[in-house]
Amino acid sequence: MADLVRRTDSLDRRRFLSRMALLAGLPLLGAPILSACTSGRDATEGATWFEPKVRTSENGVLKTQLRVVDRDVALGGGQVRAVTYEGTYPGPTLDVRPGDRIEVSLINEIDEPTNLHTHGFHVSPKAPSDDVLLAIEPGDTFDYAYDLPADHSAGTFWYHSHQHTISDTQVFGGLFGALIVRGELDDLPGVRGRPERLLVLSQTQIEDGEMVPGDKSSNDLQQTLVNGTYQPTTDIAPGEIQRWRLINASSLFLRLQLDGHPMHVIAIDGDALTSVTAKDVVEIVPGGRADVLIEGANTGTYQLRSLSWEEFGPFYSSMVPAAMPLLNLESTGETQDSEPIPTALLPFDDLRDAVIDRRREFVFEELEPRGTGDMGHFMYYINGVMFDHHVVNETMILGDTEEWHFVNRTYEPHPVHIHVNDFQVVAVNDEPVDEQHYRDTAMLPPFGSLTIRHRFEDFTGQFVMHCHILFHEDHGMMQLLEVVERPA
Ligand SMILES: [Cu+2]
């Protein structure tokens, strides 16, 4: 879906917008205001604030199930048939702590295989942990179990289907949910105890009350939803400091701006920054997350919006929706006195100082058959080959630190995502950058390059590196990696 070259059709777009508004039974902008953030509120109320229900670990264990079901769900203000976890869009939020054991029974009640990936978790890639090579067949149940290390980073993560060749359709359709790890970052003065908002940002296309499947959908006809809701309204008090957990579950590069409110970034991809960075625009690549603090401005209504990508030129801009409002923030009530926003956060191990054991290069290429209309013929390559789960493309040694250089020979950006071990971006287009944190997904710019460093810690086994535009992954842009013990 992400890849057909289409011109933005403003007529179609308007028609779609008004249809969504009709569906919601609401005017396009403006919405009833509900005062509190309420978990589990019924989304059929339209543009009122909704967050999925939360399942929290107790005494070090979260034992739960995720039933994959095809049924009507509350979506975009109406009831729409979709394949989801547990019948909600997004699925339930799983809330855990470092050192926890998470046991999830994945129950497949749909007519195609599916599986589960814990995006960003530093856990074993071997079954029954985060093994994305598994296929759970229709009618089957698989019991996943994840042991989070006691020193696991705290922040915002997410889970979703990773079923190769159909992951785009399944995730676009609704198979995703939030994962929250509460730990060291949450105990820092200025961070602890903040009221929270979860914002799972996703794309959907609804026509005549039905969801258009991912492989038939078109970026420029899609709408961005917040927790499955179209332009909801949430609230803050003047002076109140909230923590927003932003998850980009879409295949779009998001550039977010909140009117009148700088966003104070404290974590990217569930990895704490060393110090707080105030940003006017927060960029989140597909699959990425940002944890930000915001301080309520004077009473009034403010919009969070996604901006366009003009810097990539008309070609890329034509493939993504125009700038659009995502939610309304109502600043209301008595002015509050909050503990100040912190400056210093957590130290990190800067891999720019590390001894590099090995360097590797990965070249991203694609072949798009223009005008055939057959999406099955799109092909995406890394180092000249498409994904084959029988072939291990690269083998690394446990404990080693490596530098990887990604080269993009295509006209569009690709979000590079690596499972199990997070990485540090050290250069973009061969120019050094000063990123003092890790991440699990980063942008490889069009006809540019990306240089990262990472260390393979704690876990041996096979896992994947891929483009997080899931259509690209499904059509080949993925490699199988393996970490092995150091030979004696
Ligand atoms: Cu890609």
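This passage describes the fold, the copper site, the sheets and the nonpolar cores of a predicted model.

Local features were taken at pLDDT of at least 70 and side-chain atom pairs only at pLDDT 80 or more, while totals for chains, interfaces and linings use all residues. Residues are numbered from 1 along each chain as its sequence is written, and side-chain values use heavy atoms, with hydrogens and water left out.

The chain holds four helices and 33 strands. These elements are DSSP runs numbered from the N terminus: helices are H or I runs of at least four residues, strands E runs of at least two. Of the 488 residues, 61% are buried. Buried means under 20% relative accessible area, exposed over 50%, and partly exposed in between, with a 1.4 Å probe and protein chains only. The exposed surface of the chain is about 18,200 Å², and carbon and sulfur atoms supply 49% of it. Areas come from the Shrake-Rupley method with a 1.4 Å probe; for residues, only the protein chains shown count as cover. Among contacts between residues at least 6 apart in sequence, 77% join residues at least 24 apart. A contact is a pair of heavy atoms within 4.5 Å.

The copper ion is coordinated at 2.0 Å by His414 (ND1), Cys467 (SG) and His472 (ND1). Donors are N, O and S atoms within 2.8 Å of the metal (3.2 Å for Na, K and Ca); water is not among the atoms, so sites may look incomplete. Along the chain, the donors follow the spacing H-x52-C-x4-H. The two histidines link distant parts of the chain: His414 belongs to strand S27 (residues 414-418) and His472 to helix H4 (residues 470-474), 58 residues apart. Both His414 and His472 are buried.

Strand S27 belongs to an open sheet of five strands with mixed pairing, in the order S25-S33-S32-S27-S30. Strands pair if DSSP finds at least two bridges between them. The edge strands are S25 (394-397) and S30 (441-444), each paired on one side only. The twist averages 25 degrees from one strand to the next. Axes are lines fitted to C-alpha atoms, for helices over the stretch in contact, and angles run from 0 to 180 degrees between N-to-C directions. S27 and strand S32 (residues 461-467) run antiparallel and are joined by three bridges. Val416 has Cys467 in S32 as its bridge partner. That cysteine is also a copper donor.

Another open sheet of five strands has the order S1-S4-S9-S8-S6, again with mixed pairing. Strands S1 (54-56) and S6 (117-119) stand at its edges; each has a single partner strand, so one side of each lacks a neighbour in the sheet. S6 pairs antiparallel with strand S8 (residues 155-160) over three bridges. Thr118 stands opposite Tyr159 in S8.

The loop between S6 and strand S7 (141-147) contains His122. His122 is buried, with a relative accessible area of 15%. His122 and His419 are 297 residues apart in sequence, yet 7.9 Å apart in space, C-alpha to C-alpha. Not counting residues up to four places away in sequence, His122 touches residues including Pro149, His152, Val420 and Glu457. Pro128 is found in the loop between S6 and S7. A cis peptide bond joins Ala127 to Pro128, with omega about 5 degrees.

The largest nonpolar core has 39 residues. Such a core is a set of buried Ala, Val, Leu, Ile, Met, Phe, Trp, Tyr and Cys residues joined through side-chain atoms within 4.5 Å. Leu185, Leu199, Trp244 and Leu256 have the most contacts inside it. Strand S17 (residues 263-268) gives the most to this core, with five residues. Another core lies apart from it, with 31 residues, among them Val425, Ala442, Leu450 and Leu481.

S17 pairs antiparallel with strand S18 (residues 271-279) over five bridges. The two strands form a hairpin with two residues between them, and Asp269 in the turn has a positive phi of about 55 degrees.

Positive phi also occurs in two loop residues. Asn429, in the loop between strands S28 (423-428) and S29 (431-432), has a phi of about 55 degrees although it is not a glycine. Asn429 is partly exposed, at 41% relative accessibility. Phe447 has a phi near 50 degrees and lies in the loop between S30 and strand S31 (449-455). At 59% relative accessibility, Phe447 counts as exposed.
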